[in-house]
Amino acid sequence: MAAAMASQGERAVLEEEFKWLLQEEVHAVLRQLQDILKEASHRFALPTSGSGGAVKQENFVLSTSGTDQVKGVMTLQGDALCQADVNLKMPRNNQLLHFAFREDKQWKLQQIQDARNHVNQAIYLLMNRDMNYQFKTGLEVLKLMDAVMLQLSRARNRLTTPATLTLPEIASSGLTKMFTPALPPDILVNFYINLNKLCLTVYQLHVRQPSTTKNFKPAGGSVLHNPGAMFEFGSQRYEVSHVHKVECVIPWLNDALVFFTVSLQLCQQLKDKISVFSSYWNYRPY
């Protein structure tokens, strides 16, 4: 009722405020978002298209407190693991096994690659609306913010939500063929990103004898399988006997996640300002 009783003068003021919002503040927010997301994109340590710059290599030690069953040193180059050295102490006999990537192999971390692509898509959407572009309606701004937020949410989700894999999928992964010496058949490994961490999971297996197949229940997909999980691969049935997970923090991934959060907040704040004109004042600019 208060909105309905607004005078013509009040409505004129609202129209001027909204015009200023569309012409000035929206572009200021878009510039701020571009600056933040370009910083996020730079954190992925990859050269821009055509720059020809070499991607720096970073070494990380993978470990976990309270156990020395698995230790690893990884070399990360952008979105690829280009070197990996893993030491595994077998619990049965304390035998120490050592595996390293073959010199001709690299392992792409698809999560990082996808996150970077989504960030670059968000930047592209923002750059399509330069300072000369005139927003005519609030709905137009809301649609742009929704599109940018969708890309940022997808970028963040790729880092925070590792893929769920079945044990046969891990066993048939190309990762198993990257090591020298070759991994024994009773060892599985998996690399993935979880938030700001690079994680390595090592599964030790034992073959289930034919006499125990009555209680065989294959495990489904999971980020991390627990001891006792069963699966069939080739002509053998296996059960996970031991699971070892080691990890390390990737500082620039943490930076990127912070930039995603700040950018999403800026987008939402701009959407809220647009909405004020339609809901609180009953003024519908779109």
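The exercises below, each with a worked solution, concern a predicted model.

Residues are numbered from 1 along each chain as its sequence is written. In this predicted model local features need pLDDT of at least 70 and side-chain atom pairs count only at pLDDT 80 or more, while totals for chains, interfaces and linings use all residues; side-chain values use heavy atoms, with hydrogens and water left out.

**Exercise 1. Describe the protein chain as a whole.**

Step 1. Count the elements: the protein chain has five helices and 10 strands. Helices (H or I, at least four residues) and strands (E, at least two) are DSSP runs, numbered from the N terminus.

Step 2. Take the burial: 42% of the 286 residues in the protein chain are buried. Buried means under 20% relative accessible area, exposed over 50%, and partly exposed in between, with a 1.4 Å probe and protein chains only.

Step 3. Take the contacts, that is, heavy atoms within 4.5 Å. Of those in the protein chain between residues at least 6 apart in sequence, 66% join residues at least 24 apart.

**Exercise 2. Compare the span of helix α3 with the expected span, and list its buried residues.**

Step 1. Helix α3 covers residues 138-160, which is 23 residues.

Step 2. The expected span is 1.5 Å times one less than the number of residues. For α3 this gives 33 Å, and the helix reaches 32 Å from its first C-alpha to its last, close to that value.

Step 3. The buried residues of α3 are Gly 138, Val 141, Leu 142, Leu 144, Met 145, Val 148, Met 149, Gln 151, Leu 152, Ala 155 and Leu 159.

**Exercise 3. Determine how α2 packs against α3.**

Step 1. Helix α2 (residues 110-127) and α3 pack at an angle of about 165°, with their axes 8 Å apart. Axes are lines fitted to C-alpha atoms, for helices over the stretch in contact, and angles run from 0 to 180 degrees between N-to-C directions.

Step 2. The angle makes α2 roughly antiparallel to α3. Angles under 35 degrees count as roughly parallel, over 145 as roughly antiparallel, 65 to 115 as roughly perpendicular and the rest as oblique.

Step 3. From α2 the contact includes Ile 112, Ala 115, Val 119, Ala 122 and Leu 126, and from α3 it includes Leu 144, Val 148, Leu 152, Ala 155 and Leu 159.

**Exercise 4. Place Ala 40 and His 27, and find their contacts.**

Step 1. Ala 40 lies in helix α1 (residues 8-43), and His 27 is also in helix α1.

Step 2. Ala 40 is buried, at a relative accessible area of 0%; His 27 counts as buried at 2%.

Step 3. Not counting residues up to four places away in sequence, Ala 40 touches Val 119, Phe 259 and Phe 260. With the same exclusion, His 27 touches Leu 22, Arg 129, Asp 130, Met 131, Tyr 133 and Phe 135.

Step 4. Ala 40 and Ala 256 are 216 residues apart in sequence, yet 4.9 Å apart in space, C-alpha to C-alpha.

**Exercise 5. Examine the backbone at Pro 181 and Leu 195, and the setting of Thr 201.**

Step 1. Thr 180 and Pro 181 are joined by a cis peptide bond, with omega about -5°. Pro 181 is in the loop between β6 (179-180) and β7 (187-194).

Step 2. Leu 195 is in the loop between β7 and β8. Its phi is near 60°, a positive value in a residue other than glycine, and Leu 195 is partly exposed at 42%.

Step 3. Thr 201 lies in strand β8 (residues 197-207) and is buried, with a relative accessible area of 1%.
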